[in-house]
Amino acid sequence: MLRTIVVAVIGLTASIAVADDSEVSVAKGARIAMIGGCHDCHTVGYGEAGGVIDPATALKGNPVGYQGPWGTTFAPNLRIIAAKYSEDDFVKFLTTFEARPPMPWYNVHALDESEMRSLHQYIVSLGEPGDPAPEYVPPGTAPKSPFLVFAPPTMPAP
């Protein structure tokens, strides 16, 4: 009898754990944005605030660019991007998009559908999209806003 109860409890616990993995929620999206590193680049001041998220600026993009051999890229305003798509279309977008460095777009492709849906719900819940981040600047063209250089140093010849 005790064994049957233990097996039933383990089975119930396992089914709840599986159900939680497929849950779609704003809270899950907030967690994905945090542990996925979205705020690191797309939220101004996130690092300086020690990981404290200001909902007024969260995921609105960044005017500081990343420059390398590919040109100068800027972390776009994810609120604007999410607002353009329904939840279904956002999932399709996230599974197919590619971006210039340093965006690890291939990591986004690894999210499961519930994580993508949750991320959409979270981003949309943040409110008014705001203004776009600066546009991509091709190599050899001077950006009009600050940027960090992402290029390996020139090494001395052996």
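## Briefing: two pockets, one main core

The second largest pocket in this structure has a volume of about 180 Å³. For the largest pocket, the figure is about 1,100 Å³. Keep in mind that this is a predicted model. The protein chain runs to 158 residues, 30% of which count as buried, and it carries seven helices and three strands.

**Overall layout**

- Going along the sequence, you'll meet the elements of the protein chain in the order α-α-α-β-β-α-α-α-α-β.
- Take the contacts in the protein chain between residues at least 6 apart in sequence: 66% of them join residues at least 24 apart.

**The second largest pocket**

- A run of its lining goes Thr-43, Val-44, Gly-45, Tyr-46, Gly-47 and Glu-48, and Asp-40 is also part of the lining.
- The rest of the lining of the second largest pocket is made up of Asn-62, Val-64, Tyr-66 and Leu-148.
- Sorted by class, the residues lining the second largest pocket are five nonpolar, four polar and two charged.

**The largest pocket**

- The lining here takes in 39 residues, and those nearest the pocket centre are His-42, Pro-76, Leu-78, Ala-99 and Met-103.
- In terms of class, 29 of the residues lining the largest pocket are nonpolar, six are polar and four are charged.
- At least two lining residues of the largest pocket come from each of H3, strand S2 (71–74), H4, H5, H6 and H7.
- H4 has the largest share of that lining, at four residues.

**Pro-76, by the pocket centre**

- Pro-76, one of the residues nearest the centre of the largest pocket, sits in the loop between S2 and H4.
- With 34% relative accessibility, Pro-76 counts as partly exposed.
- Pro-76 is in contact with His-42, Gly-61, Ile-81 and Ala-133, once neighbours within four places in sequence are set aside.
- Pro-76 and Pro-134 are 58 residues apart along the chain, yet their C-alpha atoms are separated by 7.6 Å.

**The largest nonpolar core**

- This core has 18 residues, and the ones touching the most other members are Leu-59, Leu-78, Phe-90, Leu-94, Leu-119, Tyr-122 and Ile-123.
- Helix H2 (26–35), helix H4 (78–83), H5 and helix H7 (113–125) each put at least two residues into the core, and H7 gives the most, with four.
- As a general point, nonpolar side chains tend to be buried together in soluble globular proteins.
- Ile-123 touches Leu-59, Leu-78, Arg-79, Ala-82 and Phe-90, leaving out residues up to four places away in sequence.
- Leu-78 turns up twice: as one of the core residues touching the most other members, and as one of the residues nearest the centre of the largest pocket.

**Ile-32 on H2**

- Ile-32 is found in helix H2 and is buried, its relative accessible area being 10%.
- Setting aside residues up to four places away in sequence, Ile-32 touches Gly-37, Leu-111, Glu-115 and Leu-119.
- The Ile-32 and Glu-115 pair spans 83 residues along the chain, with 6.9 Å between the C-alpha atoms.

**Backbone spots to check**

- Leu-59 has a positive phi, near 60°, and it isn't a glycine.
- Where is Leu-59 found? Look in the loop between helix H3 (38–42) and strand S1 (65–68).
- Leu-59 is buried because its relative accessible area is 0%, which is under the 20% cut-off.
- The Pro-101 to Pro-102 peptide bond is cis, with omega near 5°.
- Pro-102 lies in the loop between helix H5 (87–96) and helix H6 (105–109).

**Cysteines**

- How many disulfides does a search of the whole structure find? The count is zero.
- Cys-38 is in no disulfide, and its nearest cysteine sulfur, in Cys-41, is 9.3 Å away.
- Why no bond for Cys-41? The closest cysteine sulfur, in Cys-38, is 9.3 Å from the sulfur of Cys-41, so the gap is too far for a bond.
- Buried or partly exposed: which word fits Cys-38? Cys-38 counts as buried at 17% relative accessibility, whereas Cys-41 counts as partly exposed at 26%.

Definitions and conventions: Residues numbered from 1 in each chain as written. Predicted model: local features only at pLDDT ≥ 70, side-chain atom pairs only at ≥ 80, totals over all residues. Heavy atoms only, no water. Buried < 20%, exposed > 50% of the residue type's maximum accessible area, 1.4 Å probe, protein only. Core = buried A, V, L, I, M, F, W, Y, C linked by side-chain atoms within 4.5 Å. Contact = heavy atoms within 4.5 Å. 1 Å grid on protein atoms, 1.4 Å probe; cavity = no way out; pocket = protein on both sides within 12 Å on 5 of 7 lines; lining within 4 Å. Points joined across faces, edges and corners; volume = space filled by probe spheres on them. Nonpolar A, V, L, I, M, F, W, Y, C, P; charged D, E, K, R; others polar. Disulfide = S-S within 2.5 Å.
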